[in-house]
Amino acid sequence: MVKKRGVPPWILKYKGEIERREIKVEDVLEMENRLREKPIKISTVTRVINAMGCSFAGLRRGEEKKIRVGVVGCGAIGSEICKAIDGDEDLGMELKFLIDKHPERIERLYESLGKKPDIIKSDSSGLAKSLAAVDLVIECASQAAVREFVIPALKKGKEVMILSVGALLCVPGLFEEIESISKEKGCKVYIPSGAVAGIDGLKSGAIGGIHSVELTTRKPPLGFEGNKYVKEKGIDLLSIEKEKTLFMGHAMEAVKHFPENVNVAASLSLAGIGSEATKVKIVADPSAAENVHEIEVHGEFGKLFVRVENVPSIANPKTSYLAALSAIATLKSISYPIRVGT
Ligand SMILES: NC(=O)c1ccc[n+]([C@@H]2O[C@H](COP(=O)([O-])OP(=O)(O)OC[C@H]3O[C@@H](n4cnc5c(N)ncnc54)[C@H](O)[C@@H]3O)[C@@H](O)[C@H]2O)c1
């Protein structure tokens, strides 16, 4: 009969340090053999670490420690992020868990990955165990997912990246809660620039003083089809022949009427002068082929004008391809020692 080998109790005293990647396999071997009359071998240590459900990759001396990543949301942005982590060794990251409420999306992504993550979930059940396996949690799911996954991750001392940045504008008190936990735990919260450019200049300008920030979003008229505010205003989108301003107001008000603009308005508000001082103009323009964002900033530094003509993501036309790329660029800035740009 083959003897079933489980998790021996002696390894449990090192479990916390192993999960936090604070100890090497060789250290466990050395400490354990100091306590034993009959020494154990390094292969025994790696086997029991595996049996405990922990990976020992990066736990050997001289082996590069990879940043262990969990991704919530396997849609347009999540899939691009996972493929980048899987395919770019230089990122120095490894995927440990995937979570999505649509199992078929996880399955499709899982099949496309070379190195398969260990944990697959469709909700936040068993989240504590999933969080123990990672250093960084990337939220690219929905506003609701920010509270559901980001807050517990920060409470466990994990770093986080948030793509559904609109939640920080729309959910009262959420930004302050995230700020307070991350300060207490000493964890970073990464918010990529997403579908806009110019966040670097806006952040720099804010140091010297900003006088105004204005975002103009332009789309073909039919891009606003089904919008409740447009309907209530009695605007006939089909009869628009030259550009027409549909809305002018501050960012907080804009996202209520044009939720599709929420992430861009939130990123600009957070980087600059807040959601009540950031002005938003929404224009239906028959000559626009794509979703165009123009950002104009006036400050002590001078004037900044940026125009982004976004190509929609193939997997989700509501999402700009640039948003996924900006998340991957942020991952690069986390793992590379030299950081270019503000
Ligand atoms: N920062 C930006 O500029 C920017 C730009 C585009 C999109 N976004 C935001 O990023 C997020 C992802 O965008 P996308 O285009 O990849 O969306 P998507 O719809 O293609 O994918 C989202 C995935 O998350 C899953 N999901 C949603 N809520 C979940 C939950 N609570 N638990 C588990 N799974 C959940 C969905 O099933 C879906 O598969 C959205 O919130 C979107 O608004 C941000």
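Strands, such as the one that holds Lys 219, are DSSP runs of E at least two residues long, and they are numbered from the N terminus. Lys 219 itself sits in strand β7, which covers residues 210–219. Keep in mind that what you're looking at is a predicted model. Its protein chain has 14 helices and 11 strands, and the domain assignment gives domain 1 (67–194 + 323–335) and domain 2 (199–311).

**The whole chain**

- Taken along the principal axes, the C-alpha atoms fill a box of roughly 85 × 45 × 35 Å.
- The protein chain has 342 residues, and buried residues make up 36% of them.
- Take the contacts with a separation of 6 or more: 68% of these are between residues 24 or more positions apart.

**Two domains and how they meet**

- Measure from centre to centre, using C-alpha atoms, and domain 1 and domain 2 lie 27 Å apart.
- Where they touch, eight residues of domain 1 are in contact with 12 residues of domain 2.
- On the domain 1 side of that meeting place you'll find five nonpolar residues, three polar ones and no charged ones.

**The nonpolar cores**

- In soluble globular proteins, nonpolar side chains tend to be buried together.
- Here, the largest nonpolar core has 74 residues, and Val 71, Ala 265 and Leu 268 touch the most other members.
- Helix α13 (residues 262–271) gives this core its largest share, seven residues.
- Both domains chip in: the core draws at least three residues from each of domain 1 and domain 2.
- Set aside the neighbours within four places in sequence, and Val 71 is in contact with Gly 78, Ile 81, Cys 82, Leu 95, Leu 98, Ile 138 and Cys 140.
- There's another core apart from that one, made of seven residues, including Tyr 14, Ile 18, Ile 49 and Leu 59.

**Around the ligand**

- The ligand has 31 residues around it, and Gly 73, Gly 75, Gly 194, Thr 319 and Ala 323 come nearest.
- Sorted by class, this shell has 15 nonpolar, 12 polar and four charged residues.
- Helices α4 (76–87), α7 (143–155) and α13 each supply at least two residues of the shell.
- Domain 1 and domain 2 each provide at least three residues of the shell.

**Two helices to look at**

- Helix α4 has 12 residues, so at 1.5 Å a residue it should span 16 Å; its end C-alpha atoms are 17 Å apart, which agrees.
- The buried residues of α4 are Ala 76, Ile 77, Gly 78, Ser 79, Glu 80, Ile 81, Cys 82 and Ile 85.
- These buried residues pack against β1 (67–72), β2 (93–99), α5 (103–112), β4 (136–139) and α14 (321–335).
- If you're tracing which residues share a side of a helix, remember that an α-helix has 3.6 residues a turn, so residues three or four places apart point the same way.
- Helix α9 (residues 174–185) also has 12 residues, and from first C-alpha to last it reaches 16 Å, close to the 16 Å expected at 1.5 Å a residue.
- Right after α9 comes Gly 186, which has a positive phi, near 70 degrees.

**Three residues to find in the structure**

- Lys 219 has 21 C-beta neighbours inside 10 Å; 20 or more is enough to be buried, so Lys 219 counts as buried.
- Not counting residues up to four places away in sequence, Lys 219 touches Phe 224, Ala 284, Ala 288 and Asn 291.
- Lys 219 and Phe 97 are 122 residues apart along the chain, and their C-alpha atoms are separated by 37 Å.
- Arg 21 is in the loop between α1 (15–19) and α2 (25–35).
- Arg 21 has a positive phi of about 55 degrees although it is not a glycine.
- With 18 other C-beta atoms within 10 Å, Arg 21 is partly exposed, because that number falls between the cut-offs of 12 or fewer for exposed and 20 or more for buried.
- Gly 234 lies in the loop between α11 (228–232) and β8 (244–250).
- Gly 234 has 6 C-beta neighbours inside 10 Å, so it counts as exposed.
- Gly 234 and Val 160 are 74 residues apart in sequence, and C-alpha to C-alpha they are 42 Å apart in space.

Note on methods. Residues are numbered from 1 along each chain as its sequence is written. This is a predicted model: local features need pLDDT of at least 70, side-chain atom pairs count only at pLDDT 80 or more; totals for chains, interfaces and linings use all residues. A nonpolar core is a set of buried Ala, Val, Leu, Ile, Met, Phe, Trp, Tyr and Cys residues joined through C-beta atoms within 7 Å. Helices (H or I, at least four residues) and strands (E, at least two) are DSSP runs, numbered from the N terminus. Domain bounds come from an automatic or database domain assignment. Two residues are in contact if their C-beta atoms, placed from the backbone, lie within 7 Å. A residue is near a molecule or strand if its C-beta atom, placed from the backbone, lies within 6 Å of it. Ala, Val, Leu, Ile, Met, Phe, Trp, Tyr, Cys and Pro count as nonpolar, Asp, Glu, Lys and Arg as charged, and the others, Gly among them, as polar. The expected span of a helix is 1.5 Å times one less than its number of residues.
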